[in-house]
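The dialogue below takes a learner through several features of a protein model. Please keep the sequence and the structure in view while reading.

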Amino acid sequence: SSGINAESQSVLFSFLKQCNTLEPGKTSTLTDDEKAAIGRTPNKEFPLTDNESQEIGLFRYNTLRDNFNNNEWTMRNYLEFYNNNDVVPFLEAVENMCTYYKSRGVDIFKEAVSGNL
């Protein structure tokens, strides 16, 4: 049980959807636990439904809440968790992209993104 009633859940899901924080996009990559929560692996032919997206949002919310409660997290702990699971992989992706383009003689931030302005 999530500890909140259905009306509150609806308001929460609406808010989360507007903020785009916990609910995945239609073609998001899901963890094995998230796939288990909806009972399938979405793909391009059969993407996530709105209900499945909400179910995963609730799963992610409960997982995050449990991390706070069970591990006695502070906001600093959450920031470290967030950085390790979102920011660090993004930076690695940017570094890999820069390496890819640099090997082809392109400065991604000078030529490919800004258009030589």
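What follows is a dialogue on salt bridges, aromatic rings and a helix.

Q: What kind of model is this, and how are its residues numbered?

A: This is a predicted model, in which local features need pLDDT of at least 70 and side-chain atom pairs count only at pLDDT 80 or more, while totals for chains, interfaces and linings use all residues. Residues are numbered from 1 along each chain as its sequence is written, and side-chain values use heavy atoms, with hydrogens and water left out.

Q: How many salt bridges are there?

A: Side chains of opposite charge can pair when their charged atoms come close. With a salt bridge taken as a side-chain nitrogen of Lys or Arg within 4 Å of a carboxyl oxygen of Asp or Glu, the count comes to three. One of them joins Glu34 and Arg60, at 2.5 Å from N to O. This pair links distant parts of the chain, 26 residues apart: Glu34 belongs to helix 2 (residues 32-38) and Arg60 to helix 3 (residues 50-71). Helices here are DSSP runs (H or I, at least four residues), numbered from the N terminus.

Q: Which residue forms a salt bridge with Glu52?

A: The partner is Arg40, with the closest N and O atoms 2.6 Å apart. Because Glu52 lies in helix 3 and Arg40 in the loop between helix 2 and helix 3, the pair ties together parts 12 residues apart in sequence.

Q: Is Glu52 buried or exposed?

A: Buried means under 20% relative accessible area, exposed over 50%, and partly exposed in between (1.4 Å probe, protein chains only). Glu52, at 13%, is buried, whereas Arg40, at 25%, is partly exposed. Glu34 is buried at 6%.

Q: How many aromatic pairs are found?

A: A pair of aromatic rings is described by the distance of the centres and the angle of the planes. Rings of Phe, Tyr and Trp (its six-membered ring) pair if their centres lie within 6.5 Å; planes under 30 degrees apart are stacked, over 60 edge-to-face, and the rest tilted. The whole structure yields three such pairs. Among them, Tyr100 and Tyr101 are edge-to-face, with centres 5.1 Å apart and planes at 90°. Ring pairs also link Phe68, Trp73 and Tyr78 into a cluster.

Q: What is the span of helix 4?

A: The expected span is 1.5 Å times one less than the number of residues. For the 28 residues of helix 4 (residues 75-102) this gives 40 Å, and the end C-alpha atoms are 38 Å apart, which agrees.

Methods
Helices (H or I, at least four residues) and strands (E, at least two) are DSSP runs, numbered from the N terminus.
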